[in-house]
Amino acid sequence: MSASIRIESGIAAGTNYWIDRPVLRIGSDPQCEICLPTSDLAPHAMTLEFRDGIYRAYNRSSGPVTIGRAVVQPSATGIWE
């Protein structure tokens, strides 16, 4: 599990976050392991899980979330390649 998330736009553009645990939360809430301080993002927008060699993204927000080239609908799960 050696990967990182690079923020491409917004206030945190250019920031890299190492994925250093099997489950982490992404959102605008400071309690999230990856906090992106913007009103455009839900407090807990996504949960990222690494299991069986695959990253899974669980959309926890009320709108669609784009990860890479894929769009994950609310309450759905997508594979993060």
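1. Strands 5 and 6. In this predicted model, strand 5 and strand 6 run antiparallel and are joined by six bridges. Strand 5 covers residues 46-51 and strand 6 covers residues 54-59, with a loop between them that contains Asp52. One of the residue pairings can be named: Arg51 has Ile54, in strand 6, as its bridge partner.

2. The sheet around them. Strands 5 and 6 belong to an open sheet of five strands, in which the order is 4-3-5-6-9 and the pairing is mixed. The edges are taken by strand 4 (34-35) and strand 9 (77-80), each of which has a single partner strand, so that one side of each is left without a neighbour in the sheet.

3. The loop residue Asp52. Is Asp52, in the loop between strand 5 and strand 6, buried or exposed? Its relative accessible area is 65%, and because exposed means over 50%, Asp52 is counted as exposed. Asp52 is separated from Trp80 by 28 residues in sequence, while the C-alpha to C-alpha distance between Asp52 and Trp80 is 13 Å in space.

4. The aromatic pair. The structure holds one aromatic pair. It is formed by Phe50 and Tyr55, whose ring centres lie 4.6 Å apart and whose planes stand at 50°, so the pair is described as tilted; the reasoning is that planes under 30 degrees apart would count as stacked and those over 60 as edge-to-face, with the rest tilted. The two partners fall into separate accessibility classes: Phe50 is partly exposed, with a relative accessible area of 25%, whereas Tyr55, at 15% relative accessibility, counts as buried. The cut-off that matters here is 20%, under which a residue is called buried.

5. The largest pocket. The volume of the largest pocket comes to about 670 Å³, and 24 residues line this pocket, with Ile7, Leu36, Leu41, Val65 and Thr66 lying nearest its centre. Strand 1 (3-6) and strand 7 (65-67) are the elements that give two or more residues to the lining, and strand 7 supplies the largest share, three residues.

6. Character of the pocket lining. Which classes of residue make up the lining of the largest pocket? When the lining residues are sorted by class, 15 are nonpolar, six are polar and three are charged.

Notes
Residues numbered from 1 in each chain as written. Predicted model: local features only at pLDDT ≥ 70, side-chain atom pairs only at ≥ 80, totals over all residues. Heavy atoms only, no water. Helix = DSSP H or I, 4+ residues; strand = E, 2+ residues; numbered from the N terminus. Buried < 20%, exposed > 50% of the residue type's maximum accessible area, 1.4 Å probe, protein only. Pairing = 2+ DSSP bridges. Phe/Tyr/Trp six-rings, centres within 6.5 Å; stacked < 30°, edge-to-face > 60°. 1 Å grid on protein atoms, 1.4 Å probe; cavity = no way out; pocket = protein on both sides within 12 Å on 5 of 7 lines; lining within 4 Å. Points joined across faces, edges and corners; volume = space filled by probe spheres on them. Nonpolar A, V, L, I, M, F, W, Y, C, P; charged D, E, K, R; others polar.
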